Amino acid sequence: MLVSGFDIFVIVLVLVVVVTIAMGIRTVPQGYAYTVERFGRYSRTLTPGLGLIVPYIDRIGKKVNVMEQVLDIPSQEAFTRDNAGVTIDAAAFYQILDPARASYEVSDMNQALLVLTMTNIRTVVGSMDLDQLLSHRDEINERLLRVMDAAASPWGAKVTRVEIKDILPPQDLAGAMARQMKAEREKRAAVLEAEGLRQAEILRAEGQKQSQILAAEGRREAAFRDAEARERQAEAEAKATGMVSEAITKGDLAAANFIVAEKYIDAIRALASAPNQKVVIVPIEAAGLAGTLGGIAELTKSVFGEGGAGLNKPARSVPTVTGGGERS
C-alpha cells in the first residue's frame, strides 16, 4: 500500500501540533520558580505546579530556587581595633523572595552575598576590640544581618540569619588569654575563700559574744539571787537579834546566854570541821557551857511555853569537860 503525499502531510502536521503543545506545557516543582521570557524580555513568573507558555514566543528564562539556602563563608583573617589578628568562620542564610529581581538584578547571587558578607565581617571586626569581639557574638551577628539584609533587598533576596561559627585568635594571644583566665579564676577562688573565712570568724565571734552575754546574764541572776538570800538572812538575823535584845531589856539574861552559846558552838563546829585540823583543844572554860545550855532551855520555855519542853533535849552530843583541857 502506497502512502500518498497527503497522508505524509497529515502525519507531519500532527507531530508538529504535539510538539507545540508539549513546548507550551511546563511543570514547576515545589520550591522553585521559573521566569518566562518573551522574545528575550522578562514576561512573568511561573509558580510551582502546571504552567502554560506560548510556544515559539515564550521560553523559560531562569529556574530560581526560592527555598532558604545556606552560604558557607570561607575562613578569613581580620584585625580588630587593637590590632589583634583573628581568623573567622561564618555562615549566612538567605531566601529569594522575588525571582525576577534575583534573576535580572544580579548576575550571581551566591557570589554577591559571599563577597558582601566577607567585607562586612572585616568592617565589624575592625570596629571592635578583641575582648569585645570574643564576648559579643550576638552583637556581631545582629550587625552583619542588618547590613547584609539592607544590601540584598534590591536583589529580591532576604538574609534571614548570619552566624559566626568560630573566632580563632593567634596562638600567642590564646596562651596569654588562657593564663589570664586561670589567674582570674584563682583570684576569684581566693576571694571566695577569704570571704568564707571572714564569715566563719564573724559567726564564731558572734557565738562567743552570745555565750559571754548569756554567762554574764547568768552571773547577774545568780548575784541577784545571792543578794536576795543574804538580804532575807540579814532580815531574819536582825529580827532574832531584836527579839533577844527585847528579852534582855526585860531582864531575861537567858537570852544573852543563848547568843553566847550559839556563837561558841559555831566556833567549835568550825574548828572541828576544818580539813587540816585533826585535834581540837577545848579550854577549861567550856565547863560553863552546860549552864549556858540550861539558860537556852529556860529561854525556850519562856518563848514557846510548856509545849516546847521537848526542845530541852540536846540536838548533838556535848564534849565532856575535864580540868585543864580535853581532847575530843
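**Exercise 1. Which residue lies over the face of Phe-93, and at what distance from the ring centre?**

Solution. Start at the ring of Phe-93 and look along its normal. A charge counts as sitting over a ring if NZ of Lys or CZ of Arg is within 6 Å of the ring centre and within 35 degrees of the ring normal. Arg-161 lies over this face, 4.5 Å from the ring centre.

Before going on, a word on the model. It is predicted, so local features need pLDDT of at least 70 and side-chain atom pairs count only at pLDDT 80 or more, while totals for chains, interfaces and linings use all residues. Residues are numbered from 1 along each chain as its sequence is written, and side-chain values use heavy atoms, with hydrogens and water left out.

**Exercise 2. Describe the protein chain as a whole.**

Solution. Step one is to count the elements: the protein chain has 8 helices and 10 strands. Here helices (H or I, at least four residues) and strands (E, at least two) are DSSP runs, numbered from the N terminus.

Step two is burial. Of the 328 residues, 23% count as buried. Buried means under 20% relative accessible area, exposed over 50%, and partly exposed in between (1.4 Å probe, protein chains only).

Step three is the surface. The protein chain exposes about 22,500 Å², and carbon and sulfur atoms supply 59% of it; such areas come from the Shrake-Rupley method with a 1.4 Å probe, and for residues only the protein chains shown count as cover.

Step four is contacts, meaning heavy atoms within 4.5 Å. Among contacts with a separation of 6 or more, residues 24 or more positions apart account for 64%.

**Exercise 3. Find the region that UniProt lists as "transmembrane region", and describe its backbone.**

Solution. The unreviewed UniProt entry gives residues 6–25. UniProt positions are given in the numbering used here, feature names are shortened, and annotations may be inferred rather than shown by experiment. Over residues 6–25 the chain is 95% helix and 5% strand, with the end C-alpha atoms 29 Å apart.

**Exercise 4. Which two residues touch the most other members of the largest nonpolar core?**

Solution. First, the rule: a nonpolar core is a set of buried Ala, Val, Leu, Ile, Met, Phe, Trp, Tyr and Cys residues joined through side-chain atoms within 4.5 Å. The largest core has 34 residues, and Met-109 and Ile-140 touch the most other members. Next, see where the core comes from: the elements giving two or more residues are strand S6 (69–79), strand S7 (85–96), H3, helix H4 (130–135), helix H5 (137–152) and strand S8 (157–168). H3 gives the largest share, 9 residues. Now zoom in on Met-109. Not counting residues up to four places away in sequence, Met-109 touches Tyr-94, Ile-96, Ala-102, Trp-155 and Ala-157. A second, separate core has 6 residues, including Val-28, Val-36, Leu-46 and Ile-60.

**Exercise 5. Is Asn-120 buried or exposed?**

Solution. Find helix H3 (residues 109–126), which holds Asn-120. Asn-120 counts as buried because its relative accessibility is 12%. Leaving aside neighbours within four places in sequence, Asn-120 is in contact with Leu-144, Val-147 and Met-148. Asn-120 and Met-148 are 28 residues apart in sequence, yet 7.9 Å apart in space, C-alpha to C-alpha.

For a contrast, try Gln-111, also in helix H3. Gln-111 counts as partly exposed, at 41% relative accessibility.

**Exercise 6. Which residues form the aromatic pair that is tilted?**

Solution. Rings of Phe, Tyr and Trp (its six-membered ring) pair if their centres lie within 6.5 Å; planes under 30 degrees apart count as stacked, over 60 as edge-to-face and the rest as tilted. The count comes to 1 aromatic pair. Tyr-42 and Tyr-104 form it, 5.7 Å centre to centre with 55° between the planes. Tyr-42 lies in strand S3 (residues 41–46) and Tyr-104 in helix H2 (residues 99–104), so the pair ties together parts 62 residues apart in sequence.

**Exercise 7. Where does Tyr-56 lie?**

Solution. Look in the loop between strand S4 (49–52) and strand S5 (58–65). Phi of Tyr-56 is near 70°, a positive value in a residue other than glycine. Tyr-56 is exposed, with a relative accessible area of 55%.
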